[in-house]
Amino acid sequence: MMIEIDFNSEEALYMQLRNQIILGIATSQYHEGDVLPSVRALADTVGINMHTVNKAYTVLRQDGFVKVDRRKGAVVAVDMERNDTGQRLEKELRVILAQALCKGMKRDELHEMIDRICDEYE
């Protein structure tokens, strides 16, 4: 997976990196057990600070998408048993839907968009 960072975006760099790795997992570009690039290697490849990559990996670990192995580094390991996942995602989705509704999107447009995105991940 080619990771691209938008340095002009208002979104934090570590969140862009986190989100792209999650998208890579969802689209099967990364699989359970795959070893992610080392912090140093990814920082060099993308052109960002090692601390930024480390923060992204830390958040991915906290969110249950990777585990850190002393010998291998960051390994894709989706934690299917996290209790707070549904509640946390619902909270995030509520904000996104509120933004869309405030911008005039209609329910049917949102449903079509969700269906189209879900189809990409199947």
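A helix here is a DSSP run of H or I at least four residues long, numbered from the N terminus. With that in hand, take helix α4, which covers residues 85-102. Both E92 and R88 sit in this helix, four residues apart, or about one turn. Keep in mind throughout that we're looking at a predicted model.

**The overall picture**

Let's step back to the whole chain. What elements is the chain built from? There are five helices and two strands. Walk along the sequence and you meet them in the pattern α-α-α-β-β-α-α. The chain has 122 residues, and 28% of them count as buried. As for its extent, the C-alpha trace spans about 50 × 35 × 25 Å along its principal axes.

**Two helices that cross**

Now for helix α1 (residues 13-26) and helix α3 (residues 50-62): their axes come within 8 Å and cross at roughly 50°. That angle makes α1 oblique to α3. The crossing of α1 and α3 is right-handed.

Helix α1 is also home to I25. Is I25 buried or exposed? With a relative accessible area of 16%, I25 is buried, because buried means under 20%. If you go looking for M50 from there, you'll find that I25 and M50 are 25 residues apart in sequence, and their C-alpha atoms are 22 Å apart in space.

**Salt bridges**

How many salt bridges does a search of the whole structure find? It turns up three. Here they are, with the N to O distance for each pair.

| Pair | N to O distance | Where the residues lie |
|---|---|---|
| D63 and R18 | 3.0 Å | D63 in the loop between α3 and β1, R18 in helix α1 |
| E92 and R88 | 3.6 Å | both in helix α4 |
| R94 and E90 | 2.9 Å | both in helix α4 |

Start with D63 and R18, a pair that links distant parts of the chain, 45 residues apart. On one side is D63, in the loop that leads from α3 to β1 (66-69), and on the other is R18 in helix α1. Both D63 and R18 are buried.

The pairs in helix α4 have another setting. Just like E92 and R88, R94 and E90 are four residues apart, about one turn of the helix. How accessible are these side chains? E92 has 38% relative accessibility, so it counts as partly exposed. E90 is at 43%, so it also counts as partly exposed. R94, at 57%, counts as exposed, because the cut-off for that word is over 50%.

**A nonpolar patch on the surface**

One last stop is on the outside. Which residues make the nonpolar surface patch? They are L23, M113, I117 and Y121, and the patch comes to about 300 Å². One of its members, M113, has its place in helix α5 (residues 107-120). M113 has a relative accessible area of 30%, so it counts as partly exposed.

**Pulling it together**

So, what should you look for in the structure above? Find the oblique crossing of α1 and α3, then the buried pair D63 and R18. Next, trace helix α4 to see E92 with R88 and R94 with E90. Finish at the nonpolar patch that includes M113.

Terms used:
Residues numbered from 1 in each chain as written. Predicted model: local features only at pLDDT ≥ 70, side-chain atom pairs only at ≥ 80, totals over all residues. Heavy atoms only, no water. Patch = residues over 30% accessible without salt bridge, like charges linked within 9 Å, V, L, I, M, F, W, Y side chains within 5 Å. Areas by Shrake-Rupley, 256 points an atom, 1.4 Å probe, with all protein chains shown as cover. Salt bridge = Lys/Arg side-chain N within 4 Å of Asp/Glu carboxyl O. Buried < 20%, exposed > 50% of the residue type's maximum accessible area, 1.4 Å probe, protein only. Axes fitted to C-alpha atoms, helices over the stretch in contact; angles between N-to-C directions. Parallel < 35°, antiparallel > 145°, perpendicular 65-115°, else oblique. Left-handed = near helix turned anticlockwise from the far one by under 90°.
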